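Q: Could you walk me through one part of this structure slowly, as if we were turning it on a screen together? I am still learning how to read a fold, so please explain the reasoning as you go.

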Amino acid sequence: MAKLTFTGGIHPYDGKDLSREKPIQDLLPGNELVYPLSQHIGAPAKAVVGKGDRVLAGQKIAESGGFVSAPIYASVSGTVKAVEPRRVVTGDMVMSIVVENDGLYEDVGFYPPAPLEKLSREEIIDIIREAGIVGMGGAGFPTHVKLSPREPEKIEYVIANCAECEPYLTSDYRRMLEEPEKLVVGLQILMRLFENTRGKYAHGIIAVEDNKPDCISLLRQLTKDIPEISVKALKTKYPQGGERQLIYATTGRKINSTMLPADVGCVVNNVDTIVAVYRAVIEGRPLMERIVTVTGDAVANPGNFRVKIGTSYQEILDAAGGFRTRPEKIICGGPMMGFGMFDLNVPSTKTSTALLGLSKDDVSAMEPGPCINCGRCVDVCPGRVIPSRLADYAEHFDEEAFLANHGMECCECGCCSFICPAKRPLTQEIKSMRKIQLAKKKTGGKA
């Protein structure tokens, strides 16, 4: 039987053996937590506290700045030290709320909003919005917006993205093993939001790569009496967890850069996001923490940590024993889609998935050469474009040719750069041009 997958993709060293057997550990933060007001796609949140205010864990400290925005909650009790610009992982200075942790962890009290069966669709979405939940796989798109398509009755599938195809990352794996019930119930909550045209709730799909047979077996056992949920084993291949690739592998439906998953009747959410939905709707808890993988051959004791949002990356690294050797490269996220860090004294946020320390920086050591027209980049491209050609157009600022050759269909997965024997920075060139085009689209054609 053919395995569920997509065309293209690569098989990089996955590095998951470093942390996959490490259970989730709770990490208590230090004296200061920093909450950037921009932790999501869309308008920044607006602070509703000021210097000197006492806050409790679970208290709203910033409200939504618009429909495409999300509120922010204190993850500890303490005193607001400042509302000021602070540096974040990208190197930017972002307006942030700084809270001095009093170490008491007093909270506001958490109570279930109401029995699930008594909540309407609108009430559930409002709970999710108020809880400040965003896409926790790295994108940071406000979840309530994703759950509010123009035609909700046309949604047929709600997909739990449990692929975790990014090398080294194991936080979703540990979450599935340790809290599978929350994932299943969270998925059922999301399915309730979409009563399709046949008068039935949308079908739920739990999509897991087949390098996690223990998770597949456990989840199938938990859902064996829930016919409206199916657990699908996917071929282990990067980027199997990409939204377009996941939808095609599980449903056979195709989307492009001009479409949303809702256009083909699908809604996709990450494991941590779905568990956050469970905690908001069933337990009445806003988003205050997430699981972060700390790993890499330069890390002393790789592991998975339950981190209170606002905790500094340095503290997260210290919990893993620090570096056992001086790293040449420190990455926020995974090696394919993550980005380099130059300072660990920056706060974790809702979208912080991993901290990766590598003893060797293989990319910086590469010397790019001329294209040899081997076609390997075309073979592995999941977007079915010609990366070498698009990179040439981007390098020469030929925007017309870039667009005519479907440059916006690139998903920036990095497969082409990984496979290129000439070591050309194909993804980086294409990404730069895509950023220009997206900026022009927002400003009506002006760069």
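Please take a close look at the open sheet of four strands, and then show me what can be found around it and elsewhere in the chain.

A: Happy to! Keep in mind that this is a predicted model.

Let's begin with the sheet itself. Its four strands come in the order S11-S10-S9-S12, and their pairing is parallel. At the edges you will find strand S11 (229-234) and strand S12 (266-270), each of which pairs on one side only. From one strand to the next, the twist averages 25°.

Now zoom in on S9 and S12. These two strands pair in the parallel sense over five bridges. A handy place to look is Asn 161, which stands opposite Asn 270 in S12.

What lies across these strands? Helix H4 (residues 180-191) does: the helix crosses S9, strand S10 (203-209), S11 and S12, and runs at about 140° to S10.

Next, find helix H7 (residues 271-283), which holds Thr 273. Is Thr 273 buried or exposed? Thr 273 has a relative accessibility of 1%, so this residue counts as buried. If we set aside its neighbours within four places in sequence, Thr 273 is in contact with Ile 133, Val 134, Gly 135, Met 136, Gly 137 and Thr 143.

Go back to S9 and look at the loop between strand S9 (157-161) and helix H3 (171-178), where Tyr 168 sits. This residue belongs to the one aromatic pair that the count gives. Its partner is Tyr 13, and the two rings meet edge-to-face, 5.9 Å centre to centre with 85° between the planes. The pair links distant parts of the chain: Tyr 13 belongs to the segment before strand S1 (24-27), and the two residues are 155 residues apart. Their surroundings are worth a look too. Tyr 168 is buried because its relative accessible area is 11%, whereas Tyr 13 counts as exposed because its relative accessibility is 53%.

Other rings have a charged companion. The charged end of Arg 20 sits over the ring of Tyr 173, 4.4 Å from the ring centre. Likewise, Lys 237 lies over the face of Phe 6, at 4.5 Å from the ring centre.

For comparison, visit the open sheet of six strands, ordered S1-S14-S13-S17-S15-S16, where the pairing is mixed. S1 and strand S16 (339-340) stand at the edges with a single partner strand each, so one side of each has no neighbour in the sheet. Within this sheet, strand S13 (residues 289-295) and strand S17 (residues 354-358) pair in the parallel sense over three bridges. There, Thr 293 stands opposite Ala 354 in S17.

One last stop: the cysteines. How many disulfides does a search of the whole structure find? The search finds zero. Why is there no bond at Cys 413? Its closest cysteine sulfur, in Cys 415, is 3.4 Å away, which is too far for a bond, because the two sulfur atoms would have to be within 2.5 Å. Cys 413 is buried, with a relative accessible area of 8%. For Cys 371, the closest cysteine sulfur is in Cys 374 at 6.5 Å, again too far for a bond. Cys 371 counts as partly exposed, at 34% relative accessibility.

Terms used:
Residues numbered from 1 in each chain as written. Predicted model: local features only at pLDDT ≥ 70, side-chain atom pairs only at ≥ 80, totals over all residues. Heavy atoms only, no water. Phe/Tyr/Trp six-rings, centres within 6.5 Å; stacked < 30°, edge-to-face > 60°. Buried < 20%, exposed > 50% of the residue type's maximum accessible area, 1.4 Å probe, protein only. Lys NZ or Arg CZ within 6 Å of the ring centre and 35° of its normal. Pairing = 2+ DSSP bridges. Axes fitted to C-alpha atoms, helices over the stretch in contact; angles between N-to-C directions. Contact = heavy atoms within 4.5 Å.
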